[in-house]
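Welcome! Please open the structure in your viewer and get ready to select residues as we go.

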Amino acid sequence: MPGNSTGQIVAIVLASLLIIALGALLSMYFGRRAKNSADWLAAPESLPLGVVVITQFATAVGGGVLIAHVGIAYAAGWSVFAYEGCVLLGFLGLTLIARWLREQRFTTVPDIISRLFGHSRPVTALAGVAALIVPFGWLATQFVAFAKLFGELTGISPTVLVLAITGGSLVFVLPGGLTSVVWTDFVFGIFKIVMSLVVAGYALHLAGGWSGVTEQVPERLWRPSGVTAVGGEQIWLWVAAIVPGTLTNQLYFQRVFATKKVSDARRGLVLSGLTILVGGLYAGCIGLAVRAMNPGLGNPEDAAGWLITRLPAVLLVVYGAFLVATIVSTTGAALQSVVANVIRDLYQNVLGRDRGDRGTVALSRVVTVLVAALAAALAILFPSALDWLVASYAYSAAALAAPVFGGYLLRRRFSLRPGAALAGMLAGVVGCAVAQILGTTVPYAVYGIAASVLALLVMLLPGLPGRAVAPATADSDELLPATKS
């Protein structure tokens, strides 16, 4: 139970409710720009460059940065930038296909695979599930992270906190889907950047300034060379796990799909990747400052919670609002992404159903509530058992990386067929599972991706179902129909 006074707790709760209310108002205001189901699901060709950059930052910087990344900095200093650098590498990798992605007007990642390999219900179903498990995992774990951090501030029951953040996430999404999410994220993203720098600066102040850190923290952690303090093996493990996960994360793809100008597709990703380094600066400063003040924490991930107990009343209240803005902006984006997969890929393209614009938006809102309720239930029932969701990154990357990027690279040399995509995705999942069972040192996602690439190439050999003699036409402007019965 935290030592905050009742007055402080009430102030924190009121500030948090104010943030959620502001988010609701912004969401309703910007949600009016959603004129049809396409705007709700994808916000096509509507986002200026600045909005793309800030909303990518708001989406990426969530509970993981608040807890896990601060823990990395506490234990290994500036090595947190090695982690953030992996995310940056993923963003730079996406720039290779960004212009093509924007030109094709996709809605979800399975749209990409269908565009490259041709429509197939089994392929769309498997790709849809692979694409939605990462944002759903984000959603559930963000709920858990909020309950843990906000519980430190207020002592409120985790169940109540999960239900509260679920409601906050819904008000971000329901009015206008992705259209309301991205614009609300833009406003909250600016607030998050400012507060990240303020809290990081105050943490250093509490530690006695930078000189206090250098006196108390081992030199290998705070020197510029500290970016490798965690060790080469761990850095390579991060590269192998995080880069593929970023390359196949639908949350990032959707912002590319929605850029107003084709020319902004690449620039937006590069600038977004650079803003992610702000999260590294926040985590690094706090981790090092707490290490200077309390080097004996048993669990490095307790560093953020420990700092909370040292903040003055006013900053504590503002920090509570910062936590709400950070978590809700990420959960709202993840929730909308999952719903886009369910509606676009599973309901429309696999089941062959279409309710028209109004019916699709209405159904999307119902599915949004159901998905949020399921994630909240998992967060309440299994608050310490959601680690398995980390595997969602590995399996999603193993299933999607080769068909998306391999298909893009090979689209002019081969007429890609659904059988090749299905073989690549299934091989990726099986390769991942086998490597996980064997307990390999290298992240099992690497084995899954390798198996997926191999299967894709084998299916393109002469005489096999995935091979055809005519080159593909995946660069044409003609798109596949949204549904096919």
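Let's begin with a pair to select: D185 and R255, which are both buried. Their side chains meet in a salt bridge, with a distance of 3.8 Å from N to O. D185 belongs to helix 9 (residues 178–206) and R255 to helix 13 (residues 250–257), so this pair ties together parts that are 70 residues apart in sequence. Please keep in mind throughout that you are looking at a predicted model.

**Colour by confidence**

Now colour the chain by pLDDT, the predictor's confidence in each residue. The average for the protein chain is 85, and 92% of the residues score at least 70. Next, select residues 465–485, where pLDDT stays under 50. The model has 53 contacts beyond four places in sequence for this stretch. Where pLDDT is low, the predicted coordinates should not be read in detail.

**More charged pairs**

How many salt bridges does the structure hold? There are five, and the pair D185 and R255 that you have already seen is one such bridge. Side chains of opposite charge can pair when their charged atoms come close.

Select E103 and R99 for another salt bridge, this one at 3.3 Å from N to O. Both residues sit in helix 5 (residues 80–104), and because they are four residues apart there, about one helical turn separates them. E103 is partly exposed, at 34% relative accessibility. R99 is partly exposed too, with a relative accessible area of 39%.

Then move to E219 and R223, whose closest N and O atoms are 2.7 Å apart in a salt bridge. Are these residues buried or partly exposed? E219 is partly exposed with a relative accessible area of 43%, and R223 is partly exposed with 37%.

**Into the nonpolar core**

Time to look inside. The largest nonpolar core has 149 residues. To find those with the most contacts inside this core, select L66, L101, I112, I113, Y282, Y319 and L400. Which helix gives the most to this core? Helix 16 (residues 313–350) does, with 19 residues. Another core lies apart from this one and has six residues, among them A391, A398, C432 and A445.

Go back to I112 and show what surrounds this residue. Leaving out residues up to four places away in sequence, I112 touches W100, L101, F106, F253, F257 and V404.

**Two helices that cross**

Show helix 6 (residues 109–117) together with helix 13. Two packed helices are described by the angle between their axes and the distance between the axes. Here the axes come within 9 Å and cross at roughly 70°. Angles from 65 to 115 degrees count as roughly perpendicular, and helix 6 and helix 13 are therefore roughly perpendicular to each other. To see the contact itself, select V109, P110 and I112 on helix 6, then Q250, F253 and F257 on helix 13.

Before leaving this part, click on R105, in the loop between helix 5 and helix 6. Its phi is near 60°, a positive value in a residue other than glycine.

**Two buried stops**

Select T246, which you will find in helix 12 (residues 232–247). T246 counts as buried because its relative accessibility is 2%, and buried means under 20%. Not counting neighbours within four places in sequence, T246 is in contact with V87, G90, F91, L94, Y252 and Y393.

Now pick G280, in helix 14 (residues 264–293). With 0% relative accessibility, G280 is buried as well. Beyond residues up to four places away in sequence, G280 touches V80, F81 and E84. Add H69 to your selection and draw a distance: the C-alpha atoms of G280 and H69 are separated by 7.5 Å, although the two residues are 211 residues apart along the chain.

**Last stop: an exposed residue**

Finish with R358 in helix 17 (residues 356–381). Is R358 buried or exposed? R358 counts as exposed because its relative accessibility is 77%, and the cut-off for exposed is over 50%. For one more distance, add E215 to the selection. R358 and E215 are 143 residues apart along the chain, and their C-alpha atoms are separated by 63 Å.

Note on methods
Residues are numbered from 1 along each chain as its sequence is written. This is a predicted model: local features need pLDDT of at least 70, side-chain atom pairs count only at pLDDT 80 or more; totals for chains, interfaces and linings use all residues. Side-chain values use heavy atoms; hydrogens and water are left out. A salt bridge is a side-chain nitrogen of Lys or Arg within 4 Å of a carboxyl oxygen of Asp or Glu. Buried means under 20% relative accessible area, exposed over 50%, partly exposed in between (1.4 Å probe, protein chains only). pLDDT is the predictor's confidence in each residue, from 0 to 100. Contact means heavy atoms within 4.5 Å. A nonpolar core is a set of buried Ala, Val, Leu, Ile, Met, Phe, Trp, Tyr and Cys residues joined through side-chain atoms within 4.5 Å. Axes are lines fitted to C-alpha atoms, for helices over the stretch in contact, and angles run from 0 to 180 degrees between N-to-C directions. Angles under 35 degrees count as roughly parallel, over 145 as roughly antiparallel, 65 to 115 as roughly perpendicular and the rest as oblique.
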